[in-house]
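Reader: I'm new to reading protein structures. Could you walk me through a few features, one at a time?

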Amino acid sequence: MDDKLRIGVLGLGVVGGAVVKILKENESIITARAGKKIEVVKGVTREPEKAKHLGIELSTDVDFILDDPSIDVVVELMGGVDFPYVVVKKALQNGKSVVTANKAMLAYHRLELEELAKNLHFGYEASVAGGIPVIYALKDGLAANHILSIKGIVNGTCNYILTRMMKEGASFSEVLADAQKLGYAEADPTLDVGGGDAAHKLLILASIAYGIDAKPEDILTEGITDIAKEDIEFAKDFGYVIKLLAIAKKRGHKVELRVHPALISEEHILADVDGVMNAVAITGDKVGETMFYGAGAGGDATASAVIANLIEIARSESAAAMMGFNRPLETGLELAGKGDIEGKYYIRIEAKDELGVLGKIAAVLSENGISIENFKQKNLGESASLLFSTHEAKEGNIQSALDAVSKLPSVIKKPVMIRIEG
Ligand code: HSE
């Protein structure tokens, strides 16, 4: 057996640089735990000049690593979907194990790549919630349980924006610019604020927990761009905070997968997760509720998770253990349709402040079987914001009611709806 695990890193940005640095800084403890030295010997980057200080061989060509028979493991940290997919496939076909943090690529191609990996290792702990070992928790620590639900704050950018909107009364656009400056956001920030990044992460968790093979387009995904100051105020008045949640919920033989902003009680365990921090609450049928909290992004935290996979490879555990599940998982579970989702809802309707408008809206809600829990009106001069929270209702009924409300002559704008969770 080789006395060293030789690594090639594709992408030497913040995370790639941190992987090289931490493997040096913590070399003795990592070697002790892994049973052999783990060394990055080659790196590929678009800007080799900027990576010279790392002291490894550099190139701009991925084949520099993929075609090198002495490389045992390829660490893919490039981002994107199509190009990394081709690169990872080639790495596996060339007999190299792969560790990746690329949630977008995994959301589309994880099952195919895992099958291709066969007896090679394919690790992706860093793809969800950065440094939090939530994938290890699901595949190992909670393996004895049926997973009843997963609720996560898994996008640091959205959580940072919503926290500042709640605490400072700031507007969405003001704080997005700050999140970009601080480097939390993806290269394309619409992936963050539109909920896509959280959906990628949810699909990875759900594939482990439920063996569900869904693609991002299959699941309900809404971002935070429509959240206005009055939504924040309503939430505060009724004891809620607003968070972007990634939710997997098992109901009978169906699994709801959804990403959307949600009102959650100020008392809820996730309500105090602020700023760029991430947290994932997982409920198992035997263990009950568990909660994993920590840094969801950032170089060192994400590199910590990448290196955990490298240590596992060095220990030569079996590929099946690395994957965490065998497909198809024999649960008989299917993805629930978007209209079947059930819950409580907050609705904001902007309407002309005129006689009978509230009655007409209340009638539409009632015709669709929707019962109102709380109501507040905010006058805006000629118009008014009508703010409702509902009792439990079916998503399909809420959508029909909102379509009908939009068509009322007094209603000025498309109504905004936010789901209430816990
Ligand atoms: N853009 C991501 C976030 C980075 O804000 O959480 C970590 O995946």
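Reader: Let's start with the rings. How many aromatic pairs are there?

Author: Happy to help! This is a predicted model, and the count in it comes to five aromatic pairs. One of them is formed by Y160 and Y184, with 5.3 Å from centre to centre and 65 degrees between the planes. Planes over 60 degrees apart count as edge-to-face, and this pair is edge-to-face.

Reader: Which parts of the chain does that pair tie together?

Author: Y160 lies in helix α8 (residues 156-168), while Y184 is in the loop between α9 (172-181) and α10 (190-193), so the pair ties together parts that are 24 residues apart in sequence. Y160 counts as buried at 12% relative accessibility, and Y184 is partly exposed at 27%.

Reader: And why is the pair of F234 and F238 called tilted?

Author: Look at the angle: their planes stand at 45 degrees, with the ring centres 4.6 Å apart, so this pair is tilted. F234 is buried, with a relative accessible area of 0%, whereas F238 is partly exposed at 29%. Together with Y346, F234 and F238 form one aromatic cluster.

Reader: Where does F234 sit, and which residues are buried there?

Author: F234 belongs to helix α12 (residues 229-237), where E230, D231, I232, F234 and A235 are buried. After α12 comes G239, which has a positive phi, near 80 degrees.

Reader: What sits over the ring of F64?

Author: The charged end of K42 does, 3.9 Å from the centre of that ring.

Reader: Let's move on to domains. What are the domains here?

Author: The domain assignment gives domain 1 (4-132 + 298-321), domain 2 (138-295) and domain 3 (338-420). The C-alpha centres of domain 1 and domain 2 lie 27 Å apart. Their contact takes 17 residues from domain 1 and 23 residues from domain 2.

Reader: How do I read the size of an interface?

Author: It is often given as the accessible area lost when the parts come together. Here, domain 1 and domain 2 bury about 1600 Å² between them, with 63% of it on carbon and sulfur atoms. On the domain 1 side, K103, Y108 and I132 lose the most area to domain 2, together 36% of what that side buries.

Reader: How many salt bridges are there between domain 1 and domain 2?

Author: The count is three. As for K103, its side chain meets that of D197 in a salt bridge, at 3.1 Å from N to O.

Reader: And how many does a search of the whole structure find?

Author: It finds 35 salt bridges. One joins E49 and K52, whose closest N and O atoms are 3.4 Å apart. Both ends count as exposed: E49 at 60% relative accessibility and K52 at 56%.

Reader: Which parts of the chain does the salt bridge of K243 and D274 link?

Author: Their side chains meet at 3.1 Å, N to O. The pair links distant parts of the chain, with K243 in strand β9 (residues 240-251) and D274 in the loop between β10 (254-265) and β11 (277-284), 31 residues apart. K243 counts as buried at 2% relative accessibility, while D274 is partly exposed at 25%.

Reader: Last one: which residues are linked in a network of salt bridges?

Author: The network links K151, K249, R251, E256, R258 and E421. Try finding them in the structure!

Note on methods: Residues are numbered from 1 along each chain as its sequence is written. This is a predicted model: local features need pLDDT of at least 70, side-chain atom pairs count only at pLDDT 80 or more; totals for chains, interfaces and linings use all residues. Side-chain values use heavy atoms; hydrogens and water are left out. Rings of Phe, Tyr and Trp (its six-membered ring) pair if their centres lie within 6.5 Å; planes under 30 degrees apart count as stacked, over 60 as edge-to-face and the rest as tilted. Helices (H or I, at least four residues) and strands (E, at least two) are DSSP runs, numbered from the N terminus. Buried means under 20% relative accessible area, exposed over 50%, partly exposed in between (1.4 Å probe, protein chains only). A charge sits over a ring if NZ of Lys or CZ of Arg is within 6 Å of the ring centre and within 35 degrees of the ring normal. Domain bounds come from an automatic or database domain assignment. Contact means heavy atoms within 4.5 Å. Buried area is the accessible area (1.4 Å probe) that two parts lose on being put together, summed over both. A salt bridge is a side-chain nitrogen of Lys or Arg within 4 Å of a carboxyl oxygen of Asp or Glu.
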